[in-house]
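This report describes the overall organisation of one protein chain and then examines selected local features. Please consult the sequence and the structure shown below while reading.

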Amino acid sequence: MRLSTKSRYAVTSLLDMVLHCENGPVSLAEISERQGISLSYLEQLFAKMRRNNLVASTRGPGGGYLLNDTPESVFIADIIAAVDDKVVVSNKDALPGSQDYEPCLTEQLWEELSDQIANYLNGISLADMIKNEEEAASILAQEKLTAKAS
């Protein structure tokens, strides 16, 4: 299973924004430069996230975007839902309700897996991701100190 590029970039860009918003709104140009995501693509993603009340924009000099809520209250599933369709695991092209749809023997398995993924993504907040990032950075710094002392 793969998440769409839209979803991955949306999560990455929001995480970047949260990590760099201590001095106020973060511009999309800054995120674009740090993350290597095109500015026009970020504009599209942030327009969707703004319409879904994940971010708020500020115009003018020093303008940019800020999270509308705390990082603890924004979950990865919220971000994906704002920019993309529902994450569904399937082994066929025709979805239920379409003209070409035919039930298959493993359909229940894929539906349950989709539910598990949704539950997992609903349980991870931006704050959790930041915490994991900080812990990883701390471990790397400690390993470097240990290597220098050896």
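## Fold and local environment

The chain has six helices and two strands. The model is a predicted one. Along the sequence, these elements follow the pattern α-α-α-β-β-α-α-α. Among contacts between residues at least 6 apart in sequence, 63% join residues at least 24 apart. Some totals for the chain are collected in the table.

| Quantity for the chain | Value |
|---|---|
| Share of the 150 residues that are buried | 31% |
| Exposed area | about 9,900 Å² |
| Share of the exposed area supplied by carbon and sulfur atoms | 51% |

**Helix 5.** Helix 5 comprises the 16 residues 107–122. At 1.5 Å a residue, helix 5 should span 22 Å, and the distance of 23 Å between its end C-alpha atoms agrees with this expectation.

Which residues of helix 5 are buried? They are E107, S114, I117 and L121. These residues lie on the same side of helix 5, because they cover an arc of only 85° around the axis. An α-helix has 3.6 residues a turn, so residues three or four places apart point the same way. The cover over the buried residues of helix 5 includes helix 4, residues 76–83. On the other side of helix 5, the exposed residues are Q108, Q116, N119 and Y120.

**Y120.** Y120, a residue of helix 5, has a relative accessible area of 56%. Y120 therefore counts as exposed, since this value lies over the 50% cut-off. The C-alpha atom of Y120 is separated by 9.1 Å from that of I76, although the two residues are 44 residues apart along the chain.

**D84.** The loop between helix 4 and helix 5 contains D84. Is D84 buried or exposed? D84 is buried, yet has no salt bridge. The nearest side chain of opposite charge belongs to K6, at 4.2 Å. Because a salt bridge requires a side-chain nitrogen of Lys or Arg within 4 Å of a carboxyl oxygen of Asp or Glu, the 4.2 Å separation between D84 and K6 does not qualify. When neighbours within four places in sequence are left aside, D84 is in contact with S4, K6 and S7. K6 thus appears both as a contact of D84 and as its nearest side chain of opposite charge.

Technical notes: Residues numbered from 1 in each chain as written. Predicted model: local features only at pLDDT ≥ 70, side-chain atom pairs only at ≥ 80, totals over all residues. Heavy atoms only, no water. Helix = DSSP H or I, 4+ residues; strand = E, 2+ residues; numbered from the N terminus. Expected span 1.5 Å × (residues − 1). Buried < 20%, exposed > 50% of the residue type's maximum accessible area, 1.4 Å probe, protein only. Arc of directions from axis to C-beta. Contact = heavy atoms within 4.5 Å. Lys, Arg positive; Asp, Glu negative; His and termini not counted. Areas by Shrake-Rupley, 256 points an atom, 1.4 Å probe, with all protein chains shown as cover.
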